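Student: I'd like to learn how to read a protein model one feature at a time. Could you walk me through this one?

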Amino acid sequence: MRNRTITLEDFLGQGEEIRHLLAQQRNGRLSHALLISGPDGVGKKTLATLLSAQLFCESEQNRPCMACAACKRAMLLEHPDQVVIRRGIPLSPEVREGRATIPVEDIREMIRICGMAPFEGGNRSVLIFDADTMTPQAQNALLKTLEEPPENTFFFLVTGHPESLVNTIISRCRLLRLHPLPDETIRSMLIQEGISEQDAATLVPLADGSIGKAIRMAHQEGLTEFRKEVISTFFGMTRRSDILPASNRWKNRKSEADALLTVLESMLHQMMNVRYGSRDEGLASALPAHWNRFTREAPAEAFTRLYDQVIQARKELQYSTNFQAVFEKILFGFMGEGNQWL
């Protein structure tokens, strides 16, 4: 598998807002603060990093050129005039590693750095990934800097949950929301990554519009077989006596829990697309007859109950709940919904 270089042009499919933004970027009129939001895996961090790189690019045109030394350092987040803030990776020497939030000390350290002249005498960029994890004190400290930003300093806030930011920060940023990518775009990008057409066809319906998720799954060995196993277990079983043997087969596979739940989420997403007419029924016809009927006729509440079970399973596993118990609970729930359509 080869790694294709992603460029700003890859984001043009996001719509008119991104086209307008890139036109401003080419004309040197980039907003001093940009808030990039959207679901996981749609390229938020990549876009922020590309926009940061163009501030340092040594080329006179087509910035970022991705070839000059400045671009290469910036894309690795290693440019001396980039300030990168991430939860769990402290910027301030006063902060311990592994914190679940971005503390005020990291924002104060960023402000201190921005108070000095850039190392290379040009622009400076501040990238705040997982911006929604800033503590209230950190957000208040950042607000003062956004109100009076240092000259030639540009802020890129990245978050999947903009609602967690205070309104005063949101109001001082230009907002850009990225959307899930169309299936054909995902398929094309996967093939450009060197993934076979057959594997791309398998990955596209699982990706839910996220090229990041698709690429991560492409690196998993035995993806097709794993997906078949999950579907057979959760959509093929009809007897309660099968639950314990199935959970015994899975009890030592907690490391695969996230992948299992991702397959279930993707299947439910596809089934709802069939139910409400945005896909053909190729998926439904591949399921057992009772799940086929469920897909074509079940009310929205039934889909919601299944989604809720997957979400609840993720929450429980975050707190180290016994994986076998969680597995049995969700399998029992799926079987109960499906058996109503036998």
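Student: Let me begin with one residue: is Ser 266 buried or exposed, and why?

Tutor: Happy to help, and please keep in mind that this is a predicted model. The general idea is to compare relative accessible area with a cut-off: under 20% is called buried. Ser 266 has 0% relative accessibility, so Ser 266 counts as buried.

Student: Where does Ser 266 sit, and which residues does Ser 266 touch?

Tutor: Ser 266 belongs to helix 12, which covers residues 257-275. Leaving aside residues up to four places away in sequence, Ser 266 touches Pro 205, Leu 206 and Asp 208.

Student: Let's follow one of those partners. Where is Leu 206, and what does Leu 206 touch?

Tutor: Leu 206 is in helix 8, residues 197-207. With the same kind of neighbours left out, up to four places away in sequence, Leu 206 touches Lys 213, Met 217, Leu 223, Arg 227, Ser 266 and Gln 270. Arg 227 is 21 residues from Leu 206 along the chain, and their C-alpha atoms are separated by 9.5 Å. Leu 206 is buried because its relative accessible area is 1%, under the 20% cut-off.

Student: Now the sheet. In what order do the strands come?

Tutor: When you read a sheet, look for the strand order, then the direction of pairing, then the edges. Here five strands form an open sheet in the order 2-3-4-1-5, with parallel pairing. Strand 2 (82-85) and strand 5 (174-177) are the edge strands, each pairing on one side only. From one strand to the next, the twist averages 15 degrees.

Student: How many bridges join strand 2 to strand 3?

Tutor: Four bridges join strand 2 to strand 3, residues 124-128, and the two run parallel. Among the partners in strand 3, Ser 125 pairs with Gln 82 and Val 126 with Val 83.

Student: Are the faces of strand 2 covered or open?

Tutor: Both faces are covered. On one side Gln 82 and Val 84 are buried, and on the other Val 83 and Ile 85 are buried.

Student: Which strands does helix 1 lie across?

Tutor: Helix 1 (residues 16-26) lies across strand 1 (33-37) and strand 5, running at about 130 degrees to strand 5.

Student: What should I look for in the backbone?

Tutor: Start from the usual pattern: most residues other than glycine have a negative phi, and most peptide bonds are trans. In this model, the peptide bond from Arg 63 to Pro 64 is cis, with omega near 0 degrees. Pro 64 is in the loop between helix 2 (44-56) and helix 3 (69-75). Leu 77, in the loop between helix 3 and strand 2, has a positive phi near 60 degrees. Asp 130 also has a positive phi, near 55 degrees, and lies in the loop between strand 3 and helix 5 (136-147).

Student: Are Leu 77 and Asp 130 buried or partly exposed?

Tutor: Leu 77 is partly exposed because its relative accessibility is 23%, and Asp 130 is partly exposed because its relative accessible area is 22%.

Student: And what does the whole protein look like in numbers?

Tutor: The secondary structure comes to 16 helices and five strands. Of the 342 residues, 46% are buried. Along its principal axes, the C-alpha trace spans about 70 × 40 × 35 Å. The protein has 40 positive and 42 negative side chains, and the centres of the two sets lie 3 Å apart.

How values were computed
Residues numbered from 1 in each chain as written. Predicted model: local features only at pLDDT ≥ 70, side-chain atom pairs only at ≥ 80, totals over all residues. Heavy atoms only, no water. Pairing = 2+ DSSP bridges. Axes fitted to C-alpha atoms, helices over the stretch in contact; angles between N-to-C directions. Contact = heavy atoms within 4.5 Å. Buried < 20%, exposed > 50% of the residue type's maximum accessible area, 1.4 Å probe, protein only. Lys, Arg positive; Asp, Glu negative; His and termini not counted. Charge placed at Lys NZ, Arg CZ, Asp CG, Glu CD.
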